[in-house]
Structure formats: C-alpha cells, structure tokens
Amino acid sequence: PCPCFVLLRVCPCAGRAPAESLWGNFRAMTVKTSKPHREALAALLRGRQGIPVWVLNMVTKNDYVGLASVEVPVEGKPMQLFYACQPKRCAESAVRVLFSADGKHAVMRVNDKQQGQGFLGTPSEAETAALARDPG
C-alpha cells in the first residue's frame, strides 16, 4: 500500500482567504482583475489636470515601476497601499495609492518635481499619514 500524505496550508491572514491578502499584490494586476479597484482608480483620475501623463494612464497602461502592496491599518481598518513611479525618474515622479480592503475607495498622493505635490480624492488625516509612509 502507498502511504498517504495530507498537505495542510496554514494562512496567517486572520480570516481572509490567501487570494484576498492585501500584502504582496501588484497594482497593475489588481486593477486588471478587480472591478472595484479599477473603477475607484478611474474615478480618482477622471478629468484630472496638472498631474503626470503616466499617472493619468495608470488604469490602462503599465508604463511605470511598481512595488508590491503592503497592508496598512488606517483608523483600525486594513487598507492596501501601492507605490509606483515613472521609470528612470523615481526620485522625481512617484505616487502612492491607498485602497480600502474592498477596493471601492481610493486616495492618492502625487509627488512630481515638475508638476508639484498633491492629493487626489479627499484623504482623511489617517489616510494622509498612511500615504506618507515610505516603501518597505
């Protein structure tokens, strides 16, 4: 007889399925596969002026450098924070995008040497603090 093995997967995600983790996701794939994320980001960018073109195109193009997401607590709720920057100009043109866990709410911090710094959406004080967090 053949020995049987059972593979048990332990998930430290505190009740969330592994696929729903807010850690380690890439913004391009998240926006492509999640309708709430895609719609929230599109609404945030729609009709905006005075921000870099690569940022305006984030919903449809992946012409930027992006780090994997991190989960950050904001007012006791888990949120997903993404970092992205313009290739070869990361020090001069970068954004941070913060999504609610369900992807339906998004705010953004834009930091561009030529066009200035500002926020898209209306981040709360706690969201503003989360958007100031350094990558890593």
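Here are four short exercises on the structure above, which is a predicted model.

**Exercise 1. Find the cysteine pair**

Work out which two cysteines form a disulfide, and say whether each is buried, partly exposed or exposed.

*Solution.* Start with the sulfur atoms: those of Cys85 and Cys90 sit 1.8 Å apart. The cut-off for a disulfide is 2.5 Å, so this pair passes. The total count is 1 disulfide. Next, check the accessible area on each side. Cys85 has a relative value of 9%, and since buried means under 20%, it counts as buried. Cys90 comes out at 37%, which makes it partly exposed. As a reminder of the chemistry, a disulfide is a covalent bond between the sulfur atoms of two cysteines.

**Exercise 2. Map the nonpolar cores**

Take the largest nonpolar core and work out which residues touch the most other members, and which elements supply at least two residues each.

*Solution.* This core has 19 residues, and the ones touching the most other members are Leu41, Leu45, Val55, Met58, Val95 and Met108. Now for the elements: at least two residues each come from helices H2 (35-45) and H3 (53-56), and from strands S3 (77-85), S4 (93-100) and S5 (106-112). H2 gives the largest share, with 4 residues. Zoom in on Val55 and skip its neighbours within four places in sequence: what's left in contact with Val55 is Leu45, Val95 and Met108. Don't stop there, though, as a second, separate core holds 10 residues, among them Val70, Tyr83, Val107 and Leu131. The general background is that nonpolar side chains tend to be buried together in soluble globular proteins.

**Exercise 3. Track down the salt bridge**

Find the partner of Lys35 in a salt bridge, then relate the pair to helix H2.

*Solution.* The partner is Glu39, with the closest N and O atoms 3.7 Å apart. The cut-off is 4 Å, so the pair qualifies. The tally is 1 salt bridge. Then look at the spacing: Lys35 and Glu39 are 4 residues apart in H2, which means about one helical turn separates them. Glu39 itself is partly exposed, at 44% relative accessible area. More generally, side chains of opposite charge can pair when their charged atoms come close.

**Exercise 4. Sequence against space**

Place Glu125 in its helix, decide whether Glu125 is buried or exposed, and compare its separation from Val74 in sequence and in space.

*Solution.* Glu125 belongs to helix H4, which covers residues 125-131. Its relative accessibility is 74%, so Glu125 is exposed. Finally, Glu125 and Val74 lie 51 residues apart in sequence, while their C-alpha atoms are 9.6 Å apart in space.

Definitions and conventions
Residues numbered from 1 in each chain as written. Predicted model: local features only at pLDDT ≥ 70, side-chain atom pairs only at ≥ 80, totals over all residues. Heavy atoms only, no water. Buried < 20%, exposed > 50% of the residue type's maximum accessible area, 1.4 Å probe, protein only. Core = buried A, V, L, I, M, F, W, Y, C linked by side-chain atoms within 4.5 Å. Contact = heavy atoms within 4.5 Å. Salt bridge = Lys/Arg side-chain N within 4 Å of Asp/Glu carboxyl O.
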